[in-house]
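Thank you for making time for this today. I would like to walk through a few pieces of one model, taking helix packing, then a sheet, and then a single side chain.

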Amino acid sequence: MKTVKAKHIEEIQNIVKEGRVLIEESDRFSYSFDGSFGTFLPDAVIQTKSVEELAALVKLANREQIPVYPRGQSTSLSGGPLPVKGGLVFDLSVMDDVLEIYEEDLVAVVSPGVLTSAIHQAAEQRGLMYPPDPSSSHVSTIGGNLAENSGGPRGLKYGVTKDYVIGLEVITPEGEIIKTGGKTVKNVTGYDLTKLIVGSEGTLGIITKAILRLIPKPVASATLMVVFNSLVDAGSAISKILSAGILPSKMELMDQSSIIAVENYEPLGLPTEAEAVILIELDGHPLALEDEVKKINELCHSVGAEDIRIPQHKAEEAEIWRARKLVSPAIVRIKPTKISEDATVPRSKIPQMCQRLQEIRDKYNVHLVVFGHAGDGNLHPNIICDKNDKEEMRRVEQAVAEIFTAAVELGGTLSGEHGIGLMKAPFMEMELGEAGLDMMKRIKEVWDPNNIMNPGKIFPEPGQKLELS
């Protein structure tokens, strides 16, 4: 990898006619971090809405072997856009001009800087829905969601980002502009490059446009809050509901620590004495919902539910889902540093994973909060700590490593939606095996022979370890 020199800056400035080239140290520091850990200073930051200018910049970077880091709003929790080897950061959040809804085709065409929540709003105004709904959708860009293959609470019923992407415009690491897929739902022409690029975390190219599949919005919904005196019982209830043939649109878990944190942050009348609550949303036909609510009531009581609360009006429903949204801001009031993980296990293993998380919490004496998209096994064990306390951070590192080990041992995965980035790279071989990881490396080498596109991500460097302190 080469650093950016004065001659490169001059050439970059000659290419960028429609945007800005930021080289002041204060500007570059603004692009040196994300929602995870570590600070890495880029040599320059480029903002341009022109796909042609970006392609020309990539050609320059590839020729000179300068690292390129695509970046959205930098909400990544895994270190996805961190410029770990210096080089150029491309701020794609400025590319927010295109948001077109084609009702008859049930698709949206968007540029990468569009906020995900804006796509939700535009679709819903036409009676449609774009299902992927990461918790950060009000601040995260669709480009970042595509790079990380983001999910969200509705992933249980509707799937994740890759399930709704049917076409892309991409700048390859060699500076070519290619199109994959299109506006048709069925497309089996050759390799499915669209699915390969979604979730590749910016290591295979830069997404400059996406075609997203939309679906009709369900006509009705119903919400339940189920209260448990045991986190493991809550996990058992989740498995029982899904085994009964009921598929909620959302099924969210909050443990006692997250319930208390939210109630202290903003009193909403949550049951702070409970060890866990499950928040459930059903959608579909009103008559079907009535029947499903009745069945869930019976199933949850059969595994020891303490109480079941059913909101009587939409404002009450909104309060319940607000409680779930408030978990992240509420828990950081306890201690300043939050390690947010998304280890995911098969649904049948949720009770065992809940048990393992409690054991890890006690073993390392860490403040572990468990919440997340429990219906699809995508738990979010969060550790609240203080990064200035070196001894505590060593225990946290050990606890995080053991969380990953537990997930893989139970047949799960390191990441359900946050991506691998920098933080989880050291654990890749544990899940994929040597041959599996090598196959991914070979794909990367063919697409990006000079390794300029988001280097230092997904694939671990020799001897690389998780470092949070």
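In this predicted model, helix α1, which covers residues 6–15, packs against helix α3, residues 51–64, at an angle of about 160°, and the axes of the two are 10 Å apart. Angles over 145 degrees count as roughly antiparallel, and therefore α1 is described as roughly antiparallel to α3. The crossing in which α1 passes α3 is right-handed. If you look at who meets whom, α1 contributes Lys7, His8, Glu11, Ile12 and Ile15, while on the α3 side you will find Glu53, Ala56, Leu57, Leu60, Arg63 and Glu64. Sorted by class, this contact between α1 and α3 holds five nonpolar residues, one polar residue and five charged ones.

Let me turn to another helix pair. Here helix α8, residues 231–243, and helix α13, residues 350–364, have axes that come within 8 Å and cross at roughly 160°, so that α8 and α13 are, again in the wording of the model's description, roughly antiparallel to each other. Their crossing is right-handed. From α8, the residues Leu231, Val232, Gly235, Ser236, Ile238 and Ser239 meet Ile350, Pro351, Cys354, Gln355 and Gln358 of α13. And what classes of residue make up the contact of α8 with α13? There are six nonpolar and five polar residues, with no charged residues in the contact of these two helices.

Now to the sheet. It is an open sheet of four strands, in the order β1-β2-β4-β3, and its pairing is mixed. The edges are formed by β1, at 20–22, and β3, at 68–71, each of which pairs on one side only. Going from one strand to the next, the twist averages 20°. If we follow one edge inwards, β1 and strand β2, residues 44–47, run antiparallel and are joined by three bridges; as for individual residues, Leu22 has Val45 in β2 as its bridge partner.

Finally, a single residue, Gln464, which lies in the segment after α15, the helix at 428–447. Which backbone atom does the side chain of Gln464 reach? That side chain comes to 2.8 Å from the backbone nitrogen of Glu461. Once we set aside the neighbours within four places in sequence, the contacts of Gln464 are with Leu422, Ala425, Pro426 and Phe459.

How values were computed
Residues are numbered from 1 along each chain as its sequence is written. This is a predicted model: local features need pLDDT of at least 70, side-chain atom pairs count only at pLDDT 80 or more; totals for chains, interfaces and linings use all residues. Side-chain values use heavy atoms; hydrogens and water are left out. Axes are lines fitted to C-alpha atoms, for helices over the stretch in contact, and angles run from 0 to 180 degrees between N-to-C directions. Angles under 35 degrees count as roughly parallel, over 145 as roughly antiparallel, 65 to 115 as roughly perpendicular and the rest as oblique. A crossing is left-handed if the near helix is turned anticlockwise from the far one by less than a right angle, and right-handed if clockwise. Contact means heavy atoms within 4.5 Å. Ala, Val, Leu, Ile, Met, Phe, Trp, Tyr, Cys and Pro count as nonpolar, Asp, Glu, Lys and Arg as charged, and the others, Gly among them, as polar. A polar contact is a pair of N or O atoms within 3.5 Å; within protein, one must be able to donate a hydrogen and the other to accept it, and residues adjacent in sequence count only if both atoms are side-chain atoms. Two strands pair if DSSP finds at least two bridges between them.
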